[in-house]
Amino acid sequence: HRRKFEGQETHVTSPSRRHSELLFAFHFECDCESSSLTEEPSSGEGEYYTHIPAHLTKYGMTDCTLRGVLALCSIAVAHLAFCVFRHFSCRGSSPSSVPRPASAMVVFGSGGHTSEMLHLIRDVSLTQLSPLCFVTAHSDETSLQKIRAFQLKYIDSVQWSTIYRSREVKQSWLSTVVTTSYALLQSFHLVLVLRPQVILCNGPGTCVPICLAAALFRFFSAQFYSPRIVFTESYCRVESLSLTGKILYNIADKFIVQWPQLLQRYPKARYIGKVC
């Protein structure tokens, strides 16, 4: 049927014909959209667009977003695989296996301190501490004679080193600043070259620069090198600590005393009886 409406000719269609035309238009639109996602772009780059499923386009998922999600998932899976590999490759040995010996540095003082240290390390085995380095003051010939005369069973496997004293006997306190600075530089070099895992000392001032150098290494590079300091106070110290002991009390990892009275004033210390 034809009718005139505002000077224009219009077509009046039946409801069934209108419904069929709408269905045709809808299917034509869907075919055009799907073909635009798979056809070669007109820019001539030679690439094809990735077809995105309809259930993803419904939520506004674009091609770039999908690629980004896939990239993040790939990175997460790779990181997880690396962590699992590192965990199993860095696992320690079984409890039944023999532990590896720790490298150690033994710092000798002078006089009675040297004798006490020799008794401390008398029963040390190279299966526990190896390699082993003995450090003495450069002017302490008496300690060298005592060490050689003590006849340690592993004396031939020991490495020897010397450093300057922080303070000689009857040396003025003003000049001590210079000698201590020089001894500290020597200690830095010695600890850096030998890299001991354990430092054993019992005073007097010869061990202070080495312990300070080890503490600085532990503070600034704990992830790469963190030596442990074990200090044993002299047997003659019954009620108070020596000057070296007071300096190293908060630096040493293990602070050992030989009299129980000292535990009341210094609770961080550890009493294990007479060790010398």
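In this predicted model, seven strands build an open sheet, and their pairing is parallel. The strand order is 5-4-3-6-7-8-9. Strand 5 (158-163) and strand 9 (270-271) are the edge strands, since each pairs on one side only. Strands of a sheet pair through backbone hydrogen bonds.

Take one pair from the sheet. Strand 3 and strand 6 pair in the parallel sense over four bridges. One residue match can be named: the bridge partner of M105 is I199, in strand 6.

Helices pack around these strands. Helix 6 (residues 173-194) lies across strand 3, strand 4 (129-137) and strand 5. Helix 6 runs at about 160° to strand 5.

Which residues of helix 4 are buried? They are T114, E116, M117 and L118. The buried residues of helix 4 pack against strand 3 (102-107), helix 5 and strand 6 (198-201).

How do helix 4 and helix 5 meet? Two packed helices are described by the angle between their axes and the distance between the axes. Here the axes come within 10 Å and cross at roughly 25°. An angle under 35 degrees counts as roughly parallel, so helix 4 is roughly parallel to helix 5. The crossing of helix 4 past helix 5 is right-handed. The table lists the residues that make the contact.

| Helix | Residue range | Contact residues |
|---|---|---|
| Helix 4 | 112-120 | G112, T114, S115, L118 |
| Helix 5 | 141-149 | S143, K146, I147 |

By class, this contact has two nonpolar, four polar and one charged residues. T114 and L118 of helix 4 belong to the contact and are also buried.

Conventions: Residues are numbered from 1 along each chain as its sequence is written. This is a predicted model: local features need pLDDT of at least 70, side-chain atom pairs count only at pLDDT 80 or more; totals for chains, interfaces and linings use all residues. Side-chain values use heavy atoms; hydrogens and water are left out. Axes are lines fitted to C-alpha atoms, for helices over the stretch in contact, and angles run from 0 to 180 degrees between N-to-C directions. Helices (H or I, at least four residues) and strands (E, at least two) are DSSP runs, numbered from the N terminus. Angles under 35 degrees count as roughly parallel, over 145 as roughly antiparallel, 65 to 115 as roughly perpendicular and the rest as oblique. A crossing is left-handed if the near helix is turned anticlockwise from the far one by less than a right angle, and right-handed if clockwise. Contact means heavy atoms within 4.5 Å. Ala, Val, Leu, Ile, Met, Phe, Trp, Tyr, Cys and Pro count as nonpolar, Asp, Glu, Lys and Arg as charged, and the others, Gly among them, as polar. Buried means under 20% relative accessible area, exposed over 50%, partly exposed in between (1.4 Å probe, protein chains only). Two strands pair if DSSP finds at least two bridges between them.
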